[in-house]
Amino acid sequence: MNCKPLILCTFVAVALCLVHYGGALPAIGHYTHKRFDSMGGIDFIQVCLNNCVQCKTMLGDYFQGQTCALSCLKFKGKAIPDCEDIASIAPFLNALE
């Protein structure tokens, strides 16, 4: 008895089920935004937090570091601040008098 056609048919059936019902698996279809890029090894939240620290170091009292860090956590690193881009750090700037 030759089992190769049976194994091949089983493999194809399982593959088709995974493709069709893949959205039902939490690891495949549940998350809409990645916190970690497995291909590049980038943790977006950590990059965001590191940039907040860098901006606070560069700008001192002009920069609201804690507010920046809370925003990184709240938005899961989607908006990473760039200390040299005024538009990306504008929400965290103080006007000292």
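Q: Why is I80 called partly exposed rather than buried or exposed?
A: In this predicted model, I80 has a relative accessible area of 32%. Buried means under 20% and exposed means over 50%, with partly exposed in between, so at 32% I80 is partly exposed. The residue is placed in the loop between α4 and α5 (86-89).

Q: What makes I80 part of a nonpolar surface patch?
A: Patch residues need over 30% relative accessible area, and I80 has 32%. Together with I42 and V47, I80 makes a nonpolar surface patch of about 180 Å².

Q: Why does S71 count as buried?
A: The relative accessibility of S71 is 16%, and the limit for buried is under 20%, so S71 counts as buried. S71 has its place in helix α4 (residues 65-74), and, leaving aside residues up to four places away in sequence, it touches K76 and F92.

Q: Why does G60 count as partly exposed?
A: G60 stands at 24% relative accessibility, and the class of partly exposed lies between the buried limit of 20% and the exposed limit of 50%, so G60 counts as partly exposed. It is found in the loop between α3 (44-59) and α4, and its C-alpha is 9.9 Å from that of N94, although the two are 34 residues apart in sequence.

Q: How do you know that C48 and C72 are joined by a disulfide?
A: The distance from S to S is 1.9 Å, and a disulfide calls for sulfur atoms within 2.5 Å, so the pair C48 and C72 meets the rule. The torsion about the S-S bond is about -75°, so this disulfide is left-handed. C48 lies in helix α3 and C72 in helix α4, so the pair ties together parts that are 24 residues apart in sequence.

Q: What makes C52 and C68 a disulfide, and which parts does the pair tie together?
A: Their sulfur atoms are 1.9 Å apart, which satisfies the limit of within 2.5 Å. The torsion of about -70° makes this disulfide left-handed. C52 lies in helix α3 and C68 in helix α4, so the pair ties together parts that are 16 residues apart in sequence.

Q: How do you know that C55 and C83 form a disulfide?
A: The S to S distance of 2.0 Å falls within 2.5 Å, the limit for a disulfide. The link is left-handed, with -105° about the S-S bond. It connects distant parts of the chain, with C55 in helix α3 and C83 in the loop between α4 and α5, 28 residues apart. By this rule the count comes to three disulfides, and with the bonded cysteines numbered in sequence order the pairing is 1-5, 2-4, 3-6.

Q: Why are C55 and C83 called buried?
A: C55 has a relative accessible area of 0%, and C83 has a relative accessibility of 15%. Each value is under 20%, the limit for buried, so both residues count as buried.

Q: Which residues make up the largest nonpolar core?
A: The nine residues are C48, C52, C55, F63, C68, C72, C83, I89 and F92. Helices α3 and α4 are the elements that give two or more residues to this core, and α3 gives the largest share, three residues. As a general tendency, nonpolar side chains are buried together in soluble globular proteins.

Methods
Residues are numbered from 1 along each chain as its sequence is written. This is a predicted model: local features need pLDDT of at least 70, side-chain atom pairs count only at pLDDT 80 or more; totals for chains, interfaces and linings use all residues. Side-chain values use heavy atoms; hydrogens and water are left out. Helices (H or I, at least four residues) and strands (E, at least two) are DSSP runs, numbered from the N terminus. Buried means under 20% relative accessible area, exposed over 50%, partly exposed in between (1.4 Å probe, protein chains only). Contact means heavy atoms within 4.5 Å. Patches are made of residues with over 30% relative accessible area and no salt bridge: like charges are joined within 9 Å, nonpolar side chains (Val, Leu, Ile, Met, Phe, Trp, Tyr) within 5 Å. Accessible areas come from the Shrake-Rupley method with a 1.4 Å probe; for residues, only the protein chains shown count as cover. A salt bridge is a side-chain nitrogen of Lys or Arg within 4 Å of a carboxyl oxygen of Asp or Glu. A nonpolar core is a set of buried Ala, Val, Leu, Ile, Met, Phe, Trp, Tyr and Cys residues joined through side-chain atoms within 4.5 Å.
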